[in-house]
Number of protein chains: 2
Amino acid sequence: MPDPACRARTALAPLVALLALVACTAQAATVARVESPGQVLAVELDLSGEGRLSYRVQRFGEPVIDDSRLGFRLRDSGTLERNLALASTATNSADRTWEQPWGERRFVRDHHNELRASFTETIAPGRRFDVVVRVFDDGLGFRYEFPEQDGLAEAIIDDELTEFVVHDPATAWWIPAGEWNRYEYLYQRTPLDQVTQAHTPMTLRTDGGLHIAFHEAALVDYAGMWLRRTEGQRFRAQLAPASEGWKVRRALPFHTPWRTLQIADSAASLYASSDLILNLNEPNRLGDVSWFKPAKYVGIWWSLHLETETWATGRKHGATTANTKRYIDFAAEHGFRGVLVEGWNPGWDGQWFGNGYDFDFTRATPDFDIEALSAYATSKGVHLIGHHETGCAVSHYEDQMDAAFALDERLGIDVVKTGYVCDAGQIERRLEDGRVVREWHDGQWNANHHQRVLEAAARHRVAINAHEPIKDTGLRRTWPNWVSREGARGMEYGAWGNPTNPPEHEANLVFTRMLSGPMDYTPGILSLQGRGQAIQTTLAKQLALYVVLYSPVQMVADLPENYARHREALRFIEDVPADWADTRVLNGEVGDFVTFARQDRNSADWYLGSITDEHGRLLQVPLSFLEPGRTYTAQVYRDGDDAHWRDNASSFVREEREVTSADVLTLRLAAGGGQAIRFVAR
Amino acid sequence: MPDPACRARTALAPLVALLALVACTAQAATVARVESPGQVLAVELDLSGEGRLSYRVQRFGEPVIDDSRLGFRLRDSGTLERNLALASTATNSADRTWEQPWGERRFVRDHHNELRASFTETIAPGRRFDVVVRVFDDGLGFRYEFPEQDGLAEAIIDDELTEFVVHDPATAWWIPAGEWNRYEYLYQRTPLDQVTQAHTPMTLRTDGGLHIAFHEAALVDYAGMWLRRTEGQRFRAQLAPASEGWKVRRALPFHTPWRTLQIADSAASLYASSDLILNLNEPNRLGDVSWFKPAKYVGIWWSLHLETETWATGRKHGATTANTKRYIDFAAEHGFRGVLVEGWNPGWDGQWFGNGYDFDFTRATPDFDIEALSAYATSKGVHLIGHHETGCAVSHYEDQMDAAFALDERLGIDVVKTGYVCDAGQIERRLEDGRVVREWHDGQWNANHHQRVLEAAARHRVAINAHEPIKDTGLRRTWPNWVSREGARGMEYGAWGNPTNPPEHEANLVFTRMLSGPMDYTPGILSLQGRGQAIQTTLAKQLALYVVLYSPVQMVADLPENYARHREALRFIEDVPADWADTRVLNGEVGDFVTFARQDRNSADWYLGSITDEHGRLLQVPLSFLEPGRTYTAQVYRDGDDAHWRDNASSFVREEREVTSADVLTLRLAAGGGQAIRFVAR
């Protein structure tokens with residue numbers, strides 16, 4: 001019997017060679033191929049003799065991803081992975097540059113070649129789907145698209161069978177998926193073949209020095225993808241489950257998120273390749289979002305984690321009118337736009353963790369005069385930042401959110417921090433019959449919840465900064481009011497101190513979590529001290545984090561009284577912007593160190609941030625990013641010569657010098673240290 | 001009994017804290033300490049309770065080298081490592097810049113702090129020695145100095161006990177020492193604790209990302225140091241033996257070579273740190289050496305390795321008058337200064353390998369009219385390059401060398417390639433009584449032989465390019481007529497093809513062998529073909545090697561008739577200089593890839609060379625080394641889009657574009673490929 005692929009319509013195009021005709025045997029045959037614009041990466045789709053579909057990835061002609069299976073286990077209509085024939089292919093190319101309303105860079109280039117390969121089952125029920133691949137020089141994305149078709153009105157996906165088989169031996173940086181603490185784990189560095197089940201982004205470095213990150217883009221109305229290792233260096237998509245027992249239920253037509261691979265020769269290039277996550281998302285659907293102002297903010301927050309104040313009402317209640325006024329005054333004095341107040345609303349006095357049914361998002365506690373405070377803030381050019389902790393009573397929150405955002409809009413509150421504090425898999429969803437079931441933070445239902453919040457907020461010109469969120473898959477391009485989120489171990493672990501984040505933590509984050517998008521890490525703890533163990537950082541490193549860890553809402557997280565003791569260092573935090581015209585990664589190694597240069601979007605100034613792990617570093621940095629021929633005053637905030645995170649963390653020097661683009665700076669970072677520089681254009 | 005160190009005279013100086021007073025117990029005590037100028041590295045000397053001496057190295061306060069023993073086993077006077085007391089310390093600092101007559105950069109900065117610690121045996125015979133440490137921010141050197149003293153007129157060193165104990169787990173790149181093939185091994189990459197006995201430079205990368213290279217500087221009248229692993233990550237100096245059974249015999253006063261550690265955060269910085277090898281050598285003793293002209297050369301050489309011509313006289317003899325004229329014409333036509341002729345002299349017709357007693361270095365074979373050829377060369381602005389293969393009959397060569405160099409001087413031959421082809425340990429030395437004994441290429445006697453050659457050559461204004469040499473320890477600073485050498489697997493292995501050098505070979509060399517100094521690698525085989533297996537390189541990579549592998553005498557190694565088929569590529573070889581005003585390493589990983597930018601010493605032009613191993617690479621390179629505000633024409637010689645070392649190695653593109661220092665180039669290197677660029681200043 002001839003291979004069904006042999007009957008496929010051929011569509012030889014410049015970018016795609018339809019090779020099925022060559023090998024119409026029982027062996028696997030490459031049926032379609034697409035190369036990146038610079039002929040760096042190539043993706044091939046194969047059909048085996050039994051019509052089983054797989055893909056592989058090559059770079060410069062050498063294997064990166066070996067034959068990896070594609071397909072689904074669908075409820076009712078059965079497994080969809082064999083007896084497939086290629087029906088047609090189509091190709092497309094793009095080279096366009098688009099503008100971000102805010103971001104790490106103003107202009108993003110989208111340069112890729114696309115292959116669409118349409119497959120049909122050769123046996124009943126004759127289901128059809130497309131595989132769409134977009135290949136960039138520094139990575140790729142592919143997704144499944146199910147067109148409208150007879151006999152398949154909806155798909156109930158029990159499992160997505162997509163595999164990722166890594167060719168070369170590799171080291172992985174990863175956190176476990178499907179565990180209770182969501183994304184809040186320290187990154188492990190292990191041989192790739194010792195990973196169990198990982199969240200994305202998962203980052204690898206092969207023995208040959210290639211850097212690869214697995215993630216997904218445009219996770220909409222679908223379940224988040226975990227990566228489960230099945231054998232050796234073979235991984236399979238493991239979708240977060242739904243309470244119904246399946247993973248995803250969708251009416252046709254629909255498409256999956258993009259499964260993405262970023263592939264680069266260095267850690268620095270890997271970070272830069274993250275633009276492909278945005279490029280694989282749909283353009284802005286909100287139109288003008290200039291009402292959102294990237295900015296720094298302070299808040300009644302660190303004191304709560306220090307337990308010197310409480311969310312709950314009573315003697316130690318943080319969110320009082322008087323205390324908030326103090327923060328507003330502090331923010332106004334130093335030019336910080338936002339004041340976050342946690343514990344402002346009823347619901348905190350009982351056991352709210354994972355049980356947020358007492359939360360009211362439309363009125364304040366009696367000791368918090370929200371009307372007067374918002375007016376006072378406005379009079380000083382400051383805006384309150386809202387806080388919507390759900391305690392995972394998510395349907396309960398959805399009942400109120402429209403009214404809550406209306407209140408925010410009226411009071412000039414244009415950023416809201418949301419929260420989903422409960423163990424993973426404990427998101428509470430009320431069904432239409434009133435029963436309550438539990439969902440995963442990254443399951444299909446909660447993915448859709450986040451969309452509902454985003455759209456409700458957008459109607460009221462409110463931006464969302466979600467904590468304990470679903471992972472970032474670049475949706476900020478489409479809904480640019482999704483400005484930041486948590487989704488990793490943030491600075492709060494430094495307050496708790498049990499244990500604190502180790503010195504390598506941020507150098508891990510940059511090349512893993514941060515590949516996915518902005519993080520509200522809440523840096524700037526210049527006191528260097530939580531409740532227990534001291535924070536494992538130098539003072540200068542706290543400043544550098546404002547440049548290193550991108551977020552358009554960037555917290556100035558320490559107590560006002562602590563900043564009063566660090567006026568010289570505070571100058572950098574006052575100056576550093578939260579919105580950038582351009583971003584360059586000057587050097588870095590995963591988990592070791594990294595140096596960023598970013599250009600202010602509203603001036604000709606540049607900023608540099610460099611951080612290291614527990615090892616001191618001496619880094620040579622050419623200032624080639626500066627405008628040639630222009631002189632800049634470099635305001636340097638560096639570790640003191642005797643600084644060390646363990647026993648001399650506050651040792652710190654501020655100094656100035658004149659520099660030009662022809663200079664090469666030597667950055668001396670202490671163990672656990674960092675360096676921050678503002679380059680003031682003259 | 002009080003520790004003898006407690007009686008030491010204290011000498012507290014700004015750079016050195018004499019800490020012996022603190023801990024006068026039976027425990028080890030730090031008796032002296034010196035930090036690098038930027039407080040990056042610190043070296044501490046310890047005396048144990050039994051007066052045993054050791055050192056350790058810290059970087060940013062964290063251990064890099066753990067307690068490592070110092071001392072000697074001396075014949076007659078016994079082991080010198082216990083019962084030591086600190087007699088005195090002295091410190092010194094230097095920050096000076098000196099000029100090289102030729103090199104990778106014109107000006108070299110020597111910025112270090114020095115500690116001299118003088119020790120005395122507290123028991124008979126009361127021997128004395130100093131340990132001198134020089135600490136730079138990117139490495140250090142230390143040596144032993146034996147002052148003149150009663151009762152010890154000479155030292156016969158049976159073993160040097162210096163240890164190097166690496167603190168962090170590390171990967172090593174190394175070649176075996178004490179094996180038959182001298183330095184001509186492929187670099188192995190293994191865990192550090194799987195090294196057996198290695199030559200220096202040996203390069204490590206710790207799990208924390210620190211790069212370390214062990215080597216030695218100023219190896220004069222001493223035996224070369226191998227590194228023998230004794231346990232775990234503990235290494236001990238293993239000196240190359242002398243025929244007498246000892247390792248070294250020296251009259252007092254004398255000092256050892258510097259034992260050096262280069263320590264940097266990246267492979268690129270490790271390469272840059274090699275200046276310390278030169279800084280630890282003595283200044284130029286020859287004065288004006290402007291008679292040496294860094295230049296490219298061609299030669300009757302590749303044909304010999306292809307076996308289409310022979311060294312031996314007869315029908316296929318390469319070194320004939322007519323054939324040499326052809327090479328002189330080719331050199332003159334393309335602007336290459338030198339013409340090497342191997343096989344020009346008697347001695348090649350028998351079994352000369354390891355048996356060079358038939359070699360005559362003062363007259364040519366009858367079919368090689370050396371007088372006419374040198375006159376013809378001079379008339380065309382070309383210079384013959386001499387060839388002195390000894391076949392390891394080294395004393396036999398020494399008998400003739402002064403006359404040989406006099407002949408060279410008379411004929412305008414100002415560079416001589418020497419050779420020592422025999423197995424390691426088979427250097428033939430004639431004793432005064434006429435007996436012949438065998439020495440190691442890197443033993444004390446042959447180290448002194450090289451010095452004798454160098455000094456004889458200098459008297460006749462001849463520069464030396466030694467093959468099968470002793471390793472380079474930076475003596476070119478002191479004797480700048482030692483211009484290059486081999487001492488690794490060169491291109492000749494590509495002719496033999498059994499097996500050829502693998503694609504990673506040059507990316508290994510850069511970060512190991514090349515740390516020690518120039519290498520006469522003989523690149524430019526554009527035919528890409530030896531006798532057997534094709535060379536594992538693309539064509540563009542052959543061009544890039546002229547920038548990547550530094551040598552002031554750089555061969556254009558292929559046959560003239562082969563270059564005639566590659567006129568476009570040959571343009572780069574014509575243009576590229578062999579002498580540089582400055583050198584920058586733009587990126588790199590040991591054994592993976594590297595990119596150099598070098599500035600011509602005689603123009604404002606810059607050159608870039610980038611090479612990779614068996615993996616293709618996409619490298620972002622800011623052109624910040626260019627002069628700001630100036631436009632350059634970038635003449636790019638790159639791999640074709642479909643190039644691959646294995647099956648499409650000749651695919652190659654030459655193209656031009658205008659660039660400035662503000663541009664960032666994307667270098668696309670094919671698997672096994674490279675890229676060469678000339679930036680012509682406008």
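This tour moves through a predicted model, from the confidence scores to the relation of the two chains, then to helix pairs and a few backbone details.

**Confidence**

Begin by colouring the predicted model by pLDDT, keeping in mind that the model scores ipTM 0.90 and pTM 0.93. Select chain A, where the mean pLDDT is 95 and 96% of the residues reach 70 or more. Then narrow the selection to residues 1-26 of chain A, over which pLDDT stays under 50, although the model has 51 contacts beyond four places in sequence for this stretch. Where pLDDT is low, the predicted coordinates should not be read in detail.

**The two copies**

Show chains A and B together, and superpose chain B on chain A by a rotation of 180°, with 0.0 Å of shift along the rotation axis and an RMSD of 0.0 Å. The two copies are thus related as by a two-fold rotation axis. To find where chain B approaches this axis, select B:S624, whose C-alpha is the nearest to the axis in chain B and lies 2.4 Å from it. Next, display the interface residues of both chains: 100% of those in chain B are also interface residues in chain A, so the copies meet through the same surface.

**Helices α4 and α5 of chain A**

Two packed helices are described by the angle between their axes and the distance between the axes. In chain A, select helix α4 (residues 321-334) and helix α5 (residues 370-379), which pack at an angle of about 15° with their axes 10 Å apart. That angle makes α4(A) roughly parallel to α5(A), and the crossing of the pair is right-handed. Showing side chains here brings up A:T321, A:T324, A:K325, A:I328 and A:D329 on α4(A), which meet A:L373, A:Y376 and A:A377 on α5(A). Sorted by class, the residues of this contact are 4 nonpolar, 2 polar and 2 charged.

**Helices α4 and α5 of chain B**

Move to chain B and select its helix α4 (residues 321-334) with its helix α5 (residues 370-379), whose axes come within 10 Å and cross at roughly 15°. This makes α4(B) roughly parallel to α5(B), and the crossing is right-handed. The residues to display are B:T321, B:T324, B:K325, B:I328 and B:D329 of α4(B), in contact with B:L373, B:Y376 and B:A377 of α5(B).

**Helices α10 and α12 of chain B**

Staying in chain B, select helix α10 (residues 539-548) and helix α12 (residues 567-575), whose axes come within 10 Å and cross at roughly 5°. α10(B) and α12(B) are therefore roughly parallel to each other. From α10(B), the contact draws on B:L539, B:L543, B:Y546 and B:V547, and from α12(B) on B:A569, B:F572 and B:I573. The contact consists of 7 nonpolar residues, with no polar and no charged ones.

**Backbone details in loops**

Finish with the backbone, and centre the view on A:L252 and A:P253, which are joined by a cis peptide bond with omega about -5°. A:P253 is found in the loop between β20 (248-251) and β21 (254-255) of chain A. In chain B, select B:T200 and B:P201, since the peptide bond from the former to the latter is cis, with omega near -5°. B:P201 has its place in the loop between β15 (197-198) and β16 (202-206) of chain B. The last stop is A:D76, a residue other than glycine whose phi is positive, near 75°, and which lies in the loop between β5 (72-74) and β6 (78-80) of chain A.

Notes
Residues numbered from 1 in each chain as written. Chains lettered and ligands numbered in written order. Predicted model: local features only at pLDDT ≥ 70, side-chain atom pairs only at ≥ 80, totals over all residues. Heavy atoms only, no water. Least-squares fit on C-alpha atoms with pLDDT ≥ 70 in both. Contact = heavy atoms within 4.5 Å. Axes fitted to C-alpha atoms, helices over the stretch in contact; angles between N-to-C directions. Helix = DSSP H or I, 4+ residues; strand = E, 2+ residues; numbered from the N terminus. Parallel < 35°, antiparallel > 145°, perpendicular 65-115°, else oblique. Left-handed = near helix turned anticlockwise from the far one by under 90°. pLDDT = per-residue confidence, 0-100. Nonpolar A, V, L, I, M, F, W, Y, C, P; charged D, E, K, R; others polar.
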